[in-house]
Every structure is written in structure tokens, then in C-alpha cells.
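Student: I would like to learn how to read the features of a protein model. Could we work through one together?

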Amino acid sequence: MATSFRTRTLSSAQAANAHRAPERLSVTNMAAPQSGTCNFFVQKKNRFCKMVTGRGKRFCGEHATMEEGSAGSRRIACPLDPKHTVAEDKLEKHLKKCNSRDRPKPVYYVENINAGQADGDQELPQVTLSELSRAALESLVEKLKKAVEGLQSDVEERTLSHPILQEELVNPKNGDSAHKHLKQQASILGHLQELGLLRRGRCFVEFGAGRGKLSHWIHRALKNPEPCPDQNTAKDPGSCEDLQLLLVERSSTRFKVDGKNQDEGVPFERLQVDIQHLDLSKVPLLRKKELPLVGVGKHLCGAATDLALRCLLEKPRNGEDPEPPPKRLKGPRTEDDAEPDPPTSHSGPGTGLGPVLGLAVALCCHHRCEWRHYVGQNFFLKRGLGPEEFSAFCRMSSWATCGIRPANQNCPSDDPTNQRGEEEEHEAAEEEQTASGFWTAAEREQLGRLCKVLIDSGRRDFLRTQGFSSKLTRYVDPAVTLENVLLTAVPSSSS
């Protein structure tokens, strides 16, 4: 009886979908739509739509055209965001309140303030490895090996944890995916604590915040104020108890957790803005108390890491073009060839911001880096490398992870609306078939790792010029995530 009822809930259009994908729409495995909800079967999600219907209706407003004998207005895709539809006769009214409409720019929005220098020769097309000859690929590999000479290629493995997450880590209700996220968050908190950064009396800026889980656990770990270690150095009697959390995410995110903490007395503020256009010195929350800053991020994909470093540490240009990078030199250089440049951080006295105390950012998706945004341009140019080599090395960096995926596992797709890998679904730039006849899988994996080391060494060189001492650490096991390198930095003793 139950089976026949479920069969009758399918409309003619849904039955056609079932004919096209019988393996996914097995009637015996389908649950009937809940009472008062839409009868439209969403093939992509393999379930019925959960939207509430009007009285006497079988379909919600989004799927109203499925209603037999429907005399309503035709629904069309919204011109601002084709992911949703709108009644054609109500389009003009909808455009005035659509969430995707253009809105007034906030005071902290400064277009391309963290984008880097825009030169004509920097706007180069992405190198497609499949179009390169074997000789060209071998030449790139030789340049790569020369460039990494003298660099730290072995990354220390150090998995830490934090007691605030122990209960959730052993909770059997959390699935495998949740446990992977929790292990990463616990290790990041452990590294922050080891560096002396996980304390109150500061503002944590989470770049690419997504749902805000990392900030949530930072807040939980620091929920109980601690006494000031040195009251004489405090800006005011309550500064050591102050805590602010600033979440930066360019996309509109569902199921955010920061809203659950608003009644805790700790300011949680979410900025929906691309890091590329964010001027921290103009954020009202940061100017209010000028607390010291700590930058954090869990899987800042590709160029988002460079944008975050510029946003946190580089002095705003205020419309002035920065000095051009030096011309490329012949031959590789080592990290000790040059003295540290004077720090140019835009935090500190007179800027409306407190000093930057450090950062901890989990890296990923080096193949999505862009030369214009890359903070290590000088590092590359001093080694006789330029935008062409950088683009090629970015593509080759995917060999470090794609080469060790199971043969039947497809590389996940990219989400262009987010600056972080919320579900560890990182797009692989190019499968290894291009070089499968030139190097073994192990050799390709090693070359990919060298590309990542070179790119990250450029970031460490940038941090050095800003007066910071940095380190790369494998903060979780590769079984948790293949992108398991954490970049940490604190002010160097010399600065």
C-alpha cells in the first residue's frame, strides 16, 4: 500500500525524470513528501522539495508551474541570480528586494586594495600543461629544482588538539565528515595555543569564514576571561578581558553558527565582502577598541591566502601605485641572501588598528593562485622566475594531491562563490595524464610538493619582509585531508 501511494505522488514530469535515471529514483527507497510540503521531486538531491505549499496547493511557489491547470504567471529565472525563479508579472517588484541586487558599498570596501599591482604583462593566460612539449616540461622541472635549492622542503608533522573539542571528537553522532573538520579545528586551536595566540584581549579575524565554525571554537575556548598577566601593559583595566571575532566571507552562507553566540556578550561581526576589497583599518568594530589582531583561516583556497596576507599586513595604498617589483635575476637565490626589509604593516599607532600578533592559516589549492595577487613576486623574480613559470608551477602543484587519489575517485568540482574549501572539496587543476608518460606517479607527486614548497616559500619571504617569523607544519594526518599544511607566523625577535 505504501509503495502505491509513493508512486502516485510523482507528477508526469517527475515520472519522466524517473525514466531517465531509474537507478537514482528507486520507488522503494523514496520517502513520500511530508504533509503541507511541495510534491516536486528534486532529482539532483534525490528527494522531494521541502518548501511549504499554500492552502490547497500541491506545489510551492518555486514549482507552481507544475500545478495542473495553473493559470498563474509564468515563472522565469531571476536576471540577477539564475539559481532562483520569479513570477514574470512580479519581476520589477522582485528586483528591488532580491538578495542578489547591488547594494551600497560598506565603508570598509575599497576596490582592489589588496589585489596587488596590475600590469599588462601580468594578465597572462593560464598555462595548459597538455599543450607543452616534453622538452618544455623538462625545462620547467629543471627550473623548479634549481629554485628550491636551499629551501626547507621537509615539512614537520605536528598534530595538536585542544580540550574544548574533545567531547565532540568522541561524539558518535558526528559522521566521518564532521570528525574530519573537528580534527582540523582542534589542531589549529592547538597551534594557536602553542604560539601563545589563543588568548583574550585581542580580535580574531577569520578569513574565508564560511559557516564560522573555527571562530565558534575559538570563542568556546576563550569563553571564561583570565586575569591580566601584566596589568601595567594593558591599555585599560578591561582590555585583557575583551574579545572580538570578525568573520570575513564573500558569499552568502547558510547555517551560520556565529548567530548562536551573539548573546554571549562577545562581539561577533560578519563582513560579506571579498578579501580583495577589504580595508581592515576602516572596519568600525576594529577601530572601536583597537585590539591586537590575530589572523586565522581554515583552507583559504589559492589566491585567497595571498589576499588575506596583504589585507592583514600590507599598508593600504590609498590610491597610490606601489613600487614595481625588481626585475628578474639570473640564477636561484637562497632565503638568507637578503636582509629583511623594514616592516610595512598597516596596523599600529595612527592607523585605527592594533598590532598584528600573528596568524595561523591552513593552505590549499595552490593551482588557484594568481600572479597579480601573489605576495611572493619579489621572491620569484630574484630567482630568475616570472609569471609564466609561476602559472606553470601552480598547475603542476595539483600533482601533489591528484596523483594519490584513488583511480575511481573524481576530483571534486570548484565552488567559485567561496574563498575556502568548506567541505574539503578542492578542484584539481589538471589530471596527471599530461605527464603520465614522462614521470611515475611518485615522481609527479614529489614535483607537485616542490611546487607547493616554492609557492609557500614566497609567502614566507613576504612575511619576513613584514617582520614576522613563519613556519609550515603538517597539522593533521593526510587521511583527514590531503591539503594538510598550516602556515603560522609571529613577530620575529629582531622586529
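Tutor: The following dialogue takes up salt bridges, aromatic pairs, burial and surface charge in turn. Please keep in mind that this is a predicted model.

Student: Let us begin with charged side chains. How many salt bridges does a search of the whole structure find?

Tutor: Side chains of opposite charge can pair when their charged atoms come close. In this structure, the search finds 12 salt bridges. One of them joins Glu389 and Lys143, whose closest N and O atoms are 3.0 Å apart.

Student: Which parts of the chain does the pair of Glu389 and Lys143 tie together?

Tutor: Glu389 belongs to helix H11 (residues 387-396) and Lys143 to helix H4 (residues 134-147), so the bridge ties together parts that are 246 residues apart in sequence.

Student: Are Glu389 and Lys143 buried or exposed?

Tutor: The cut-off for buried is under 20% relative accessible area. Glu389 has a relative accessible area of 6%, so Glu389 is buried. Lys143, at 34%, counts as partly exposed.

Student: Where do the salt-bridged residues Arg449 and Glu445 lie?

Tutor: Both are in helix H13 (residues 441-465), 4 residues apart, which is about one turn of the helix. Their side chains meet with an N to O distance of 3.1 Å. Arg449 is partly exposed, with a relative accessibility of 27%.

Student: What separates Arg464 and Asp461 in helix H13?

Tutor: Arg464 and Asp461 are 3 residues apart, so about one helical turn separates them. The salt bridge between their side chains has an N to O distance of 2.6 Å. Asp461 counts as buried, at 13% relative accessibility.

Student: Which residues are linked in a network of salt bridges?

Tutor: Such a network links Asp306, Asp456 and Arg459.

Student: Let us turn to aromatic rings. How many aromatic pairs are counted?

Tutor: A pair of aromatic rings is described by the distance of the centres and the angle of the planes. Here the count comes to 11 aromatic pairs. In the pair of Phe380 and Phe390, the ring centres are 5.4 Å apart and the planes stand at 80°, so the pair is edge-to-face. Phe380 is in helix H10 (residues 377-381) and Phe390 in helix H11, so the pair ties together parts that are 10 residues apart in sequence.

Student: Are Phe380 and Phe390 buried or exposed?

Tutor: Phe380 is buried, with a relative accessible area of 0%, and Phe390 counts as buried at 1%. Ring pairs also place both in a cluster with Trp371, Tyr374, Phe379 and Phe393.

Student: How far apart in space are Leu192 and Val296?

Tutor: Distance along the sequence and distance in space are two separate readings. Leu192 and Val296 are 104 residues apart in sequence, and their C-alpha atoms are 9.1 Å apart in space. Leu192 lies in helix H6 (residues 176-194) and counts as buried, at 0% relative accessibility.

Student: Finally, let us consider the surface. Which residues gather in a patch of positive charge there?

Tutor: The patch brings together Lys44, Lys45, Lys50, Lys83 and Arg254. Lys50 sits in the loop between strand S2 (47-48) and strand S3 (75-77). The cut-off for exposed is over 50% relative accessible area. Lys50 has 59%, so Lys50 is exposed.

Technical notes:
Residues are numbered from 1 along each chain as its sequence is written. This is a predicted model: local features need pLDDT of at least 70, side-chain atom pairs count only at pLDDT 80 or more; totals for chains, interfaces and linings use all residues. Side-chain values use heavy atoms; hydrogens and water are left out. Patches are made of residues with over 30% relative accessible area and no salt bridge: like charges are joined within 9 Å, nonpolar side chains (Val, Leu, Ile, Met, Phe, Trp, Tyr) within 5 Å. Accessible areas come from the Shrake-Rupley method with a 1.4 Å probe; for residues, only the protein chains shown count as cover. A salt bridge is a side-chain nitrogen of Lys or Arg within 4 Å of a carboxyl oxygen of Asp or Glu. Lys and Arg count as positive and Asp and Glu as negative; His and the chain ends are not counted. The place of a charge is taken as NZ of Lys, CZ of Arg, CG of Asp or CD of Glu. Helices (H or I, at least four residues) and strands (E, at least two) are DSSP runs, numbered from the N terminus. Buried means under 20% relative accessible area, exposed over 50%, partly exposed in between (1.4 Å probe, protein chains only). Rings of Phe, Tyr and Trp (its six-membered ring) pair if their centres lie within 6.5 Å; planes under 30 degrees apart count as stacked, over 60 as edge-to-face and the rest as tilted.
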